[in-house]
Amino acid sequence: MTSENTSMPQAQLGQDGPMIGAQGLGCMGMSEFYGETDTAESRLTLERAIELGISMFDTADMYGVGANEEFLAPFVSANRERITIATKFGYSRTPESPDDWSIDNRPDFIRAAVDRSLQRLGVDVIDLYYMHRRTDSVALEDSIGAMADLVKAGKVKWLGLSAVSAAELRAAHAIHPIAALQSEWSIFTRDIEQDVVPAAAELGVTVVPYSPLGRGMLTGRAFVTSLTNTDARQYFPRFSDENRAANMLLVAKIEDIASARGVSAAQIALAWLYAQSRKLKVKTVPIPGTRKRSRLLENVAAASMILTVPEMERLAPLASAVQGITV
Ligand SMILES: NC(=O)c1ccc[n+]([C@@H]2O[C@H](COP(=O)([O-])OP(=O)(O)OC[C@H]3O[C@@H](n4cnc5c(N)ncnc54)[C@H](OP(=O)(O)O)[C@@H]3O)[C@@H](O)[C@H]2O)c1
């Protein structure tokens, strides 16, 4: 499954958006959180992603407190018509207060945030603009109303929400069409299958699973032991010494399925998401994150892999056995 001859399946963004590659690229780790960064290799990774049919590139204003958007700017302007750039607002972090993790959904904040993102990305319009996190200290109607005004003003094309409930998704969609719902979804994290995915399917919202590789954990046991002390994941409960051994036994089951097929565990993790989204009849564009060209062909090839029923049955019980909350 790592042949160069990959033809990326397509998925529609929302109800009236474009057809885009059914796998996007998460760009967060290129600037922050996951240990050492490598700007030159990350730039080459962006270029290679386009060659392989990836069209949606995911960032947020808070990744590197603006640095990730700035890093993407030359790539975005060089490929403006070929890509869908997605960014997010909601965290109060700024270069002056990088530790301010409070959430702000006020209309004034949103209006200021979008202008900052437009400037950092060097674009006239953001394709997909997400509310990164919701706080109920601001009425949903006020926040979505402000986001809808950005569409009217031509600053944003489509709206998205991240990590909201099904009720919030429905309420927001009634105010303005929501094109995409971004939440954590993987073999190990399946909470959204209960209510959120069915709501998205019904409303025609595209689900964008984040951390589809379990922040790297689902790619194999070797990955977890390779984490350096500059990597934020060492502090995440699922990676803690206390939970690691139990979770590695579950990862070993994914590796067993992968080796029996002659593919990688990462491919099994991504193929599982496509299978699950077909079952739940929802449009899905996972955004695995990588800073390395060497991962891309492997990950993209998984978009065309079909898991068997016995393989899906072996993977089904893993989520309920995972130790440690996700962050
Ligand atoms: N909305 C939200 O709240 C939210 C939260 C988290 C993330 N996100 C978005 O979702 C994107 C993806 O999530 P994520 O980066 O947290 O986790 P992920 O995609 O589950 O995993 C990323 C990790 O897997 C490694 N990796 C990728 N492909 C691999 C492969 N084929 N083999 C081995 N290792 C591989 C990457 O390492 P290398 O870089 O070294 O390849 C990286 O450490 C982020 O970039 C971000 O855009 C959104």
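**Exercise 1. Helix 10 and its cover**

Task: Find which residues of helix 10 are buried, and name elements that cover them.

Solution. Step 1: go along helix 10 and pick out the buried positions, which are L296, L297, N299, V300 and A301. Keep in mind as you work that this is a predicted model.

Step 2: look at what packs over these buried residues of helix 10; the cover includes strand 3, helix 1 and helix 9.

Step 3: recall a general point about helices. An α-helix has 3.6 residues a turn, so residues three or four places apart point the same way.

**Exercise 2. T290, just ahead of that helix**

Task: Place T290 in the fold, decide whether T290 is buried or exposed, and list what T290 touches.

Solution. Step 1: T290 sits in the loop between helix 9 and helix 10, the latter spanning 293-301.

Step 2: the relative accessible area of T290 is 8%. Buried means under 20%, so T290 counts as buried.

Step 3: leave out residues up to four places away in sequence, and the contacts of T290 are L25, G26, M30, T45, R295 and L296. One of these, L296, is among the buried residues of helix 10 from the exercise above.

Step 4: check the polar side of T290. A polar atom of the T290 side chain is 3.0 Å from the backbone nitrogen of K292.

**Exercise 3. Around the ligand**

Task: Name the residues that come nearest to the ligand, and give the distances for G26, L213 and K292.

Solution. Step 1: there are 31 residues around the ligand, and those that come nearest are Y34, D58, L213, T290 and K292. You have already met T290, the buried loop residue.

Step 2: look for backbone atoms facing ligand oxygens. For L213, a backbone N or O atom is 2.7 Å from an oxygen atom of the ligand. For G26, a backbone N or O atom is 3.4 Å from an oxygen atom of the ligand.

Step 3: turn to side chains. An N or O atom in the side chain of K292 lies 2.4 Å from an oxygen atom of the ligand.

Step 4: ask how much of the ligand is covered by the protein. On its own the ligand has 900 Å² of accessible area, and the protein covers 96% of it.

**Exercise 4. The nonpolar cores**

Task: Describe the largest nonpolar core, then look for another core apart from it.

Solution. Step 1: the largest nonpolar core has 104 residues, and the members touching the most others are F57, L169 and F188.

Step 2: which helix gives the most to this core? Helix 9, residues 265-279, does so with 10 residues.

Step 3: apart from this core lies another one of 6 residues, including F33, Y34, A60 and Y91.

Step 4: take F188 as a worked case. Leaving aside neighbours within four places in sequence, F188 contacts M217, L218, R238, N247, L250, V251, I254, L318, A319 and V322.

Step 5: set this against the general trend. In soluble globular proteins, nonpolar side chains tend to be buried together.

**Exercise 5. An aromatic cluster**

Task: Work out how F33, Y91 and W101 are arranged.

Solution. Step 1: the structure holds 6 aromatic pairs. One of them, F33 with W101, is tilted, at 6.4 Å centre to centre and 40° between the planes.

Step 2: F33 lies in the loop between strand 3 and helix 1, and W101 in the loop between strand 5 and helix 3, so this pair ties together parts 68 residues apart in sequence.

Step 3: Y91 and W101 form an edge-to-face pair, with 5.9 Å centre to centre and 85° between the planes. Both lie in the loop between strand 5 and helix 3, so here the parts tied together are 10 residues apart in sequence.

Step 4: compare exposure. W101 is partly exposed at 39% relative accessibility, whereas Y91 is buried at 13%.

Step 5: put the pairs together, and F33, Y91 and W101 form one aromatic cluster.

**Exercise 6. Two positive phi angles**

Task: Compare the settings of A163 and S211, each with a positive phi although not a glycine.

Solution. Step 1: phi is about 55° for A163 and about 45° for S211.

Step 2: A163 is in the loop between strand 7 and helix 5, while S211 is in the loop between strand 9 and helix 7.

Step 3: A163 is partly exposed, with a relative accessible area of 36%, but S211 is buried at 14%.

Key
Residues numbered from 1 in each chain as written. Predicted model: local features only at pLDDT ≥ 70, side-chain atom pairs only at ≥ 80, totals over all residues. Heavy atoms only, no water. Core = buried A, V, L, I, M, F, W, Y, C linked by side-chain atoms within 4.5 Å. Buried < 20%, exposed > 50% of the residue type's maximum accessible area, 1.4 Å probe, protein only. Helix = DSSP H or I, 4+ residues; strand = E, 2+ residues; numbered from the N terminus. Contact = heavy atoms within 4.5 Å. Near = heavy atom within 4 Å. Polar contact = N/O pair within 3.5 Å; in protein donor to acceptor, adjacent residues only side chain to side chain. Areas by Shrake-Rupley, 256 points an atom, 1.4 Å probe, with all protein chains shown as cover. Phe/Tyr/Trp six-rings, centres within 6.5 Å; stacked < 30°, edge-to-face > 60°.
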